[in-house]
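Ready for some practice in reading a protein model? Take your time with each exercise, and try it yourself before you look at the solution.

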Amino acid sequence: MKNQEIIKKFAPKQHNLLEILHALQDNHPQNYLTEDALEETARFLNITKSAVYGVAGYYTMFSLKPRGRYIIRVCVSPVCEILKVNEVLAHLESELGLSAGETTPCGRFTLEVSECLGQCQEAPSMMINQKVYNNLSKQKISKILNSYRAK
Ligand code: FES
C-alpha cells in the first residue's frame with residue numbers, strides 16, 4: 001500500500017502523528033520509516049519535517065534505517081536481567097549469527113534490546129513484532145525462531 005493511502009486513513013490532526021508513523025512503519029517490508037514517509041506525514045499534518053523527524057528519532061520503536069521483517073526485542077530491564085536474560089540474548093545472537101542491533105543478511109530478523117515489556121511476572125521476555133513471548137529458555141527460543149524461519 002502506498003504511503004498516501006495509509007496517511008489518508010487518519011484525520012489531519014497532530015495528535016495522530018504517532019499512529020500514522022506506526023502505520024507507515026508497519027507497512028514497509030523493511031520495518032522502517034523512509035524519508036518520503038516522514039515528508040509526506042509532515043505535509044499532511046501541516047507541521048515541519050524536523051518536528052516529524054524529532055518524534056521518529058525520539059521513540060525507540062521507530063527506525064530510520066531498514067530492518068528485518070521480524071523485529072525481536074529482548075527485555076534487558078532488571079527483572080529479566082535477574083532471571084538471566086543475558087543467556088537468552090547470547091542464545092539468540094548465536095542462533096541468528098549476529099549481535100544485538102544487527103539484521104540478518106537475508107533480511108528476516110533484526111535483534112534489538114528493549115526496556116521493560118510489562119511482562120515481569122513471566123520474565124524473561126521478548127517480543128517479535130507485536131507478539132509477546134515469556135518464560136524464555138534456550139529450547140523455547142529455538143522453537144520460536146524455527147516457526148518464524150518457516151513463515
Ligand atoms: S523487566 Fe523484563 S518484562 Fe519487565
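Below are four short exercises on this predicted model, each with a worked solution.

**Exercise 1. The overall plan**

Task: Find how many helices and strands the chain has, and in what pattern they follow one another.

Solution:
- Step 1: Start by counting; you should arrive at seven helices and four strands.
- Step 2: Now walk along the sequence and write down the pattern, which is α-α-α-α-β-α-α-β-β-β-α.
- Step 3: To get a feel for the dimensions, picture a box along the principal axes: the C-alpha atoms fill roughly 50 × 30 × 20 Å.

**Exercise 2. Inside and outside**

Task: Describe the burial, the surface and the charges of the chain.

Solution:
- Step 1: Of the 151 residues in the chain, 42% are buried.
- Step 2: Turn to the surface: about 8500 Å² is accessible, and carbon and sulfur atoms hold 51% of that.
- Step 3: Among the side chains, 18 are positive and 15 are negative, and the centres of these two sets are 6 Å apart.

**Exercise 3. A loop asparagine**

Task: Locate asparagine 16 and decide whether this residue is buried or exposed.

Solution:
- Step 1: Look in the loop between helix H1 (3-7) and helix H2 (17-27), where asparagine 16 has its place.
- Step 2: The relative accessible area of asparagine 16 is 9%. The cut-off for buried is under 20%, so asparagine 16 is buried.
- Step 3: Set aside the neighbours within four places in sequence, and asparagine 16 still has contacts with Phe10 and Ala11.

**Exercise 4. Unusual backbone angles**

Task: Work out what stands out in the backbone at proline 124, asparagine 129 and asparagine 135.

Solution:
- Step 1: Recall the general background: most residues other than glycine have a negative phi, and most peptide bonds are trans.
- Step 2: Check the bond joining alanine 123 and proline 124; this one is cis, with omega about 0°. Proline 124 sits in the loop between strand S2 (109-114) and strand S3 (126-128).
- Step 3: Go on to the loop between S3 and strand S4 (131-133), which holds asparagine 129. Although not a glycine, asparagine 129 has a positive phi of about 50°. With 23% relative accessible area, asparagine 129 is partly exposed.
- Step 4: Finish in the loop between S4 and helix H7 (138-149), home to asparagine 135. Here too phi is positive, about 45°, in a residue that is not a glycine. Asparagine 135 counts as partly exposed, at 42% relative accessibility.

Terms used:
Residues are numbered from 1 along each chain as its sequence is written. This is a predicted model: local features need pLDDT of at least 70, side-chain atom pairs count only at pLDDT 80 or more; totals for chains, interfaces and linings use all residues. Side-chain values use heavy atoms; hydrogens and water are left out. Helices (H or I, at least four residues) and strands (E, at least two) are DSSP runs, numbered from the N terminus. Buried means under 20% relative accessible area, exposed over 50%, partly exposed in between (1.4 Å probe, protein chains only). Accessible areas come from the Shrake-Rupley method with a 1.4 Å probe; for residues, only the protein chains shown count as cover. Lys and Arg count as positive and Asp and Glu as negative; His and the chain ends are not counted. The place of a charge is taken as NZ of Lys, CZ of Arg, CG of Asp or CD of Glu. Contact means heavy atoms within 4.5 Å.
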